[in-house]
Amino acid sequence: MNMDKLISCSPRLLAESLSGKRLLEEEISLPEKCFHVLLSTKQLIPIPAIENQKGSARCIRCGNTSTHYFSEYPCGICQRKHLYCRNCIQMGRISECKPLYIWGGAEAYWPAHSNPLTWEGKLTPAQSNAAAQLEKAVNEKLPACLCWAVCGAGKSEMLFPAITAALKQGKRIALASPRVDVIRELFPRLEQAFQGVTIEALYGGSEHKAGKSQLILATTHQLMRYYQAFDVLIIDEVDAFPFYLDKSLMYAAKQAAKKQSTTLYLTATPRKNFRLQMKLGKLPHVFVPLRYHGHLLPVPKLKLSFYLSSQLANKKLPDSFRKWLINRQNPQRQLLIFVPKISMIKELKEVITLLLLKTGAISASEDLQAVYAADKDRETKIKQFRNRELHALITTTILERGVTFPSVDVAVLDAGHEVFNEAALVQIAGRAGRSADDPDGEVIFFHDGKTDAMEKARQMILDMNERGKKL
Amino acid sequence: MNSCVYCHEQIEQPLTWSTWLTVKKNSVLCAFCTGKLEIISGKRCKVCSRAWGSSICLDCQQWRELGDNIERNYSIFHYNDTIREMITQWKFRGDYLLREIFRNELKSAFEKQFADNNAPLAIVPIPLSESRMQERGFNQSLALAEMLDAPVKQVLRRKSGEKQAKKNRKARLKRDNPFFIAEPLKQAALIVDDIYTTGTTVRQAAQQLKLHGCPAVYSLTIARS
């Protein structure tokens, strides 16, 4: 990737573009002369991109140490074999052959804003309690603080006071998420809320690429290009991906933050290690157990259905699902149906369509669509569903979080499958009842054998509702 | 357990008597990724390998009238979105390991199509310019050539020039020949490369080879676009 065309060689612009970064030569679009001057004056410092000691390698950009994600190529320039990292190769290849460059010149200057917040909304009491805690963490320079907020708590607004505090002190801030949808959705809202501040959103294929603003929104991948850049780092949906990606996310976050910095974590479903740290009193945290509209979370119902997996494998739908469809409390609600595997979407779409047509839930087969990660029309279909142009949507776990539909019932087919872990099920349940007009929504887990994950997910929701009732 | 070199999903190998008792060729792709590759089958142009109802396609008839300098090209896959993305990641992003995706098919195409050629063939890779080599660190054509059981002869060199993927067909056909010979090759040659588009690259390489005494030139390419 590249800086905005050519960075002009003024010292201020160079510092803004390059300080806090760790880049390959091909990512630094400077005139060759300028690049060499910066090198010889030690304003750009080369460092090895792969650390390889005693046979165990580490990619310095993404932190990968798994041998499975390293491979070798015979280098046509040096005539020897080089290791390269396959984990972050989408961002340009990290190999033993080419160094990364860090900035050794003057630090960039970021302005202190006296009154940066241009948002005029109001926080609910539950939101402002959490917002105050996060603001305090920034002002007191705590290393970390976690906000455990239920799905639909309205967490972006809760961040405004903390961001405002940082901007008043002339600090540099990044908001990162593993989910690109989250970044896309947040960008216009933050731009509105902080109109006098330079903001960029960085993700694969984003319009912005330079990454030289005071407030950066980025996918975790993009964070890998930063090194000791941010005073305040906010990580949204910290638990959104499987473990190995989680690991490079944590590495990237740690590398991108300054040594003296504050990291704020936002999540609806914290992982074990975070919960343990909270229990041990090592991680300051705050709960937001109520949704912005003040209603409790819909509690999932578990429906046992014998032979469910073998029925689904034979493209048959369980009776319990059929019965539930006919007797829904509010047939006006849209339907979100989760299945564990992409292949299942293809196998079941037809039978589900037939069933929905028969029960009158949809009037034409086009009213039901299916989405999965690699689906080219994913954006369009989600948009259509949000605009109620579709009545029902079959999906894999890609829609488990980050998307909001006002009024849906949620069904999970084969909820006992391993992809539906505790966090996924809590997030899936969190799709229902998002709007104040219809805060209820049904959530049904269809299974043929209760799993720990289902039980724990239900318990987590009940616990949050318990807390919420006390507010 | 193996995982797919392309999507990293685990490769499920059902345990049956045959997988248990025989040593089977290991697939590096999962069934899902394999399923998205399309092998060219059925009728094809006998010169350039494009799917074609009769024996020689119109393009190749034109080449023949001008005096063609290759005997024939054999391509393995249709150039669809999946293979385009795989080749992009392999060649442009530099994910060298992905050549393994093509190993089995490339070897078997070589054996079926070219191994019992009258005269033994020398494998000739298309050379990379100096600046491309600086960027990528390896030559994809050589990476393919080295997977075959035949002597590789790097007899061609390339003058430095611009990326050809960006040029249109007309510009590519008109352009001066970017190749020159480092060392004459007196035996029949098989050029190995990733994609056959208009066939210009292969023919420019063949022109140089033949000018310097190579009796016949064939080509084997992964994808036919």
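Reader: What share of the 225 residues of chain B counts as buried?
Author: The figure is 35%. This is a predicted model. A residue passes as buried when 20 or more other C-beta atoms lie within 10 Å of its own.

Reader: Why is Trp90(B) called buried?
Author: Trp90(B) has 23 other C-beta atoms within 10 Å. The cut-off is 20 or more, so Trp90(B) is buried.

Reader: Where is Trp90(B) found, and what is it in contact with beyond its neighbours within four places in sequence?
Author: Trp90(B) sits in helix H4 of chain B, which covers residues 81-92. Its contacts outside that sequence window are Asp95(B), Leu98(B), Arg99(B) and Gln140(B).

Reader: How do you know that Arg136(B) is not in the list of contacts of Trp90(B) for distance along the chain alone? What separates the C-alpha atoms of Trp90(B) and Arg136(B)?
Author: The two residues are 46 apart along the chain, and 10.0 Å separates their C-alpha atoms. Contact is judged on C-beta atoms, with a limit of 7 Å. The C-alpha value is a separate quantity, so it does not decide contact by itself.Reader: Which domains does the assignment give for chain B, and how many residues does each bring to their contact?
Author: Domain 1 is 1-35 and domain 2 is 38-224. The contact takes five residues from domain 1 of chain B and six from domain 2 of chain B. On the domain 1 side, four residues are nonpolar, none is polar and one is charged.

Reader: How many helices and strands are there in chain B, and how many has chain A?
Author: Chain B has nine helices and six strands. Chain A has 14 helices and 20 strands.

Reader: What makes the radius of gyration of chain A agree with a compact globule?
Author: For 471 residues, a compact globule would have a radius of gyration near 23 Å. Chain A has 24 Å, so the two agree. The C-alpha atoms of chain A fill a box of roughly 75 × 55 × 45 Å along the principal axes.

Reader: What share of chain A is buried?
Author: Buried residues make up 46% of its 471 residues. In chain A, 76% of the contacts between residues at least 6 apart in sequence join residues at least 24 apart. For chain B, that share is 74%.

Reader: What makes a set of residues a nonpolar core, and how many residues has the largest one?
Author: Its members are buried residues from a nonpolar set, joined through C-beta atoms within 7 Å. The largest core has 185 residues. Those with the most contacts inside it are Leu134(A), Cys147(A), Ala256(A) and Leu425(A). Helix H4 of chain A, residues 155-168, gives the largest share of this core, eight residues.

Reader: Which residues does Leu134(A) touch, leaving out those up to four places away in sequence?
Author: Leu134(A) touches Cys145(A), Cys147(A), Met158(A), Leu159(A), Pro161(A), Ala162(A) and Leu264(A).

Reader: Which residues of helix H1 of chain A are buried, and what covers them?
Author: In H1(A), residues 11-18, the buried ones are Leu14(A), Glu16(A), Ser17(A) and Leu18(A). Their cover includes strand E7 (100-103) of chain A. After H1(A) comes Gly20(A), with a positive phi near 75 degrees.

Reader: How many residues of chain A and chain B are in contact across the two chains?
Author: The numbers are 13 residues of chain A and 10 residues of chain B. Strand E5 of chain A, residues 70-74, gives the largest share of the chain A side, three residues. By class, the chain A side has seven nonpolar, four polar and two charged residues.

Technical notes. Residues numbered from 1 in each chain as written. Chains lettered and ligands numbered in written order. Predicted model: local features only at pLDDT ≥ 70, side-chain atom pairs only at ≥ 80, totals over all residues. Helix = DSSP H or I, 4+ residues; strand = E, 2+ residues; numbered from the N terminus. Nonpolar A, V, L, I, M, F, W, Y, C, P; charged D, E, K, R; others polar. Rg over C-alpha atoms; globule rule 2.2 N^0.38 Å. Buried ≥ 20, exposed ≤ 12 C-beta atoms within 10 Å, placed from the backbone. Domains from an automatic or database assignment.
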